[in-house]
Amino acid sequence: MEQLIVTLFLIFFIAEFVVEFVLNELNLRYVRARWAERKIPDFFQGKINPEDYDKSFEYTLAKGRFQRWAAIYGVVVTLLVLFRGILPFLDKISAQLAAKFFPIAEAQGIIFCITVALVFSLASLPTDLYATFWLEAKFGFNKTTPKLYIADKLKALLIGLVIGVPFLFVVLWLMEAMGRTWWIWAFLFISGFQLLMIVVYPTLIAPLFNKFTPLKEGELRDRILRLADQIGFKTSGIYAMDGSKRSGHSNAYFTGIGKAKRIVLFDTLIEQMSMDQGLAVLAHEMGHYKMKHIRRMLVVQMIFLFVGLYILSLLVNYQPLFAAFDFDHPSNHVALVLFSLLAGPFTFYLGPLMNLLSRKHEYEADCFAAMTLHEGKSMEEALVNLTIKNLSNLTPHPWYSAYHYSHPTPAERIAALRQCPV
Ligand SMILES: [Zn+2]
């Protein structure tokens, strides 16, 4: 049975790797072929200059090549952790540490989960450093200094501990104390925790990393006020963020629920755009709010969580699963970690489905912006502008974008925008 479990996992694990690797190669080949023929999509004709076009090509290529090696590296790390006795070793260390310093039942599990997370984040350091300080820097995007980078990592670690330890404590306690129905209690707790984080993240955690300032007085603000009034969005929730501190990439997003909802515009975006374009982007973000997109995504995630916890509840005492990965007996914390490591190759097919839903939301928000402003031109210009400034891939392979993209390609968005009844 143990052999079967390992084989089944490896089949799915390799399948995931192959799918993603092949998609990346297809995309690279596709982009190269289009670049060689200088096939600029219609919507960008005459808007992107040849140097930017070449630069976006080089950037796409560099990222794709990096992805190739990062994927192989990720596979090696996961296989080493799973099949080289690292997990049982960490479990033993955790038991010793817990016995020595924290004599409560959940301590071993908490220490184990945290050390596993640490191993993975340490393992991701080389690729992360390379992406930030070489890849992004080479194309002029990286603004993160080594000092800021280290401060960010330490802050993230600290916050992770402050939130993670009590979270793990409750989950492990529920698993132990609630008998067969523990997973329903865990579902309620984790769902509540997610809701809490949606409120806490934008208001308490994000400000630890970035400065959020209400929009400055002026014509832009006045026009935003009018727009927000028309839509029914409280303008106290519109902020500019100093994204330029870390990267030259520009962006805008809508987050939070209830009183904690807010629209965030990167300072880089405000700088790069005309007033009409900026207003269109805001109208788009308000569209996400108006059409309750965050709530819808949350419900879908909760369904996944519910099903996932139910499956975990069936496996939590299944001896062969533990034996397959060199553990002599089942335990809740090992089940938790094994499940989250093993589930990936089985659930990665859900990623494209979530992206499909996300892209549907983007089309809706684009159309909402055009209808609210009674013109789609500004949104269209904003999209073209954002794409060029971020050196985004103008011609992704259709399969690649369908699989990976949470936003439709700019060409798809503009084509859809032109169909909106404004
Ligand atoms: Zn959007």
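Is Asn355 buried or exposed? With a relative accessible area of 14%, Asn355 is buried (buried means under 20% relative accessible area, exposed over 50%, and partly exposed in between, using a 1.4 Å probe and protein chains only). The model is a predicted one, so local features need pLDDT of at least 70 and side-chain atom pairs count only at pLDDT 80 or more, while totals for chains, interfaces and linings use all residues. Residues are numbered from 1 along each chain as its sequence is written, and side-chain values use heavy atoms, with hydrogens and water left out.

Asn355 sits in helix H14 (helices are DSSP runs of H or I with at least four residues, strands are E runs of at least two, and both are numbered from the N terminus). Leaving aside residues up to four places away in sequence, Asn355 touches Tyr403, His404, Tyr405 and Ser406, where contact means heavy atoms within 4.5 Å.

Helix H14 also takes part in a disulfide. A disulfide is a covalent bond between the sulfur atoms of two cysteines, and here the working cut-off is a pair of cysteine sulfur atoms within 2.5 Å. The structure holds one of these. Cys367 and Cys420 are the partners, with their sulfur atoms 2.0 Å apart. Cys367 lies in H14 (residues 350–373) and Cys420 in the segment after helix H17 (410–417), so the bond ties together parts that are 53 residues apart in sequence. As for the surroundings, Cys367 is buried at a relative accessible area of 16%, and Cys420 counts as buried too, at 13%. Another cysteine, Cys113, is buried with 11% relative accessibility.

Next come the helix pairs. Two packed helices are described by the angle between their axes and the distance between the axes. The axes are lines fitted to C-alpha atoms, for helices over the stretch in contact, and the angles run from 0 to 180 degrees between N-to-C directions. For helix H8 (residues 219–231) and helix H10 (residues 275–290), the axes come within 10 Å and cross at roughly 30°. That makes H8 roughly parallel to H10 (angles under 35 degrees count as roughly parallel, over 145 as roughly antiparallel, 65 to 115 as roughly perpendicular and the rest as oblique). The crossing of H8 past H10 is right-handed, meaning that the near helix is turned clockwise from the far one by less than a right angle, whereas anticlockwise would be left-handed. On the H8 side, the contact is made by Glu219, Leu220, Arg223, Ile224, Leu227, Ala228 and Ile231, and on the H10 side by Met275, Asp276, Leu279, Leu282, Ala283, Met286 and Lys290. Sorted by class, this contact has ten nonpolar residues, four charged ones and no polar ones (Ala, Val, Leu, Ile, Met, Phe, Trp, Tyr, Cys and Pro count as nonpolar, Asp, Glu, Lys and Arg as charged, and the others, Gly among them, as polar).

H10 has another partner in helix H15 (residues 377–389), and these two pack at an angle of about 100° with their axes 8 Å apart. H10 is therefore roughly perpendicular to H15. Here Asp276, Gln277, Ala280, Val281 and His284 of H10 meet Ser378, Met379, Glu381, Ala382 and Asn385 of H15. The residues of this contact divide into four nonpolar, four polar and two charged. Asp276 of H10 appears in the contact with H8 and also in the one with H15.

What about the backbone? Most residues other than glycine have a negative phi, and most peptide bonds are trans. Arg38, although not a glycine, has a positive phi of about 50°. Arg38 lies in the loop between helix H1 (2–36) and helix H2 (50–83) and is partly exposed, at 39% relative accessible area. His374 also has a positive phi, near 60°. The loop between H14 and H15 holds His374, which counts as exposed at 61% relative accessibility.

Two further helix residues round off the picture. Tyr73, in helix H2, is partly exposed with a relative accessible area of 32%. Not counting residues up to four places away in sequence, Tyr73 touches Ala123, Pro126 and Thr127. Its C-alpha atom is separated by 27 Å from that of Ile159, 86 residues apart along the chain. Ile163 belongs to helix H6 (residues 146–177) and is partly exposed, at 25%. With the same sequence neighbours left out, Ile163 touches Phe193, Met197 and Ile205. The C-alpha atoms of Ile163 and Met197 are 9.8 Å apart, with their positions 34 residues apart along the chain.
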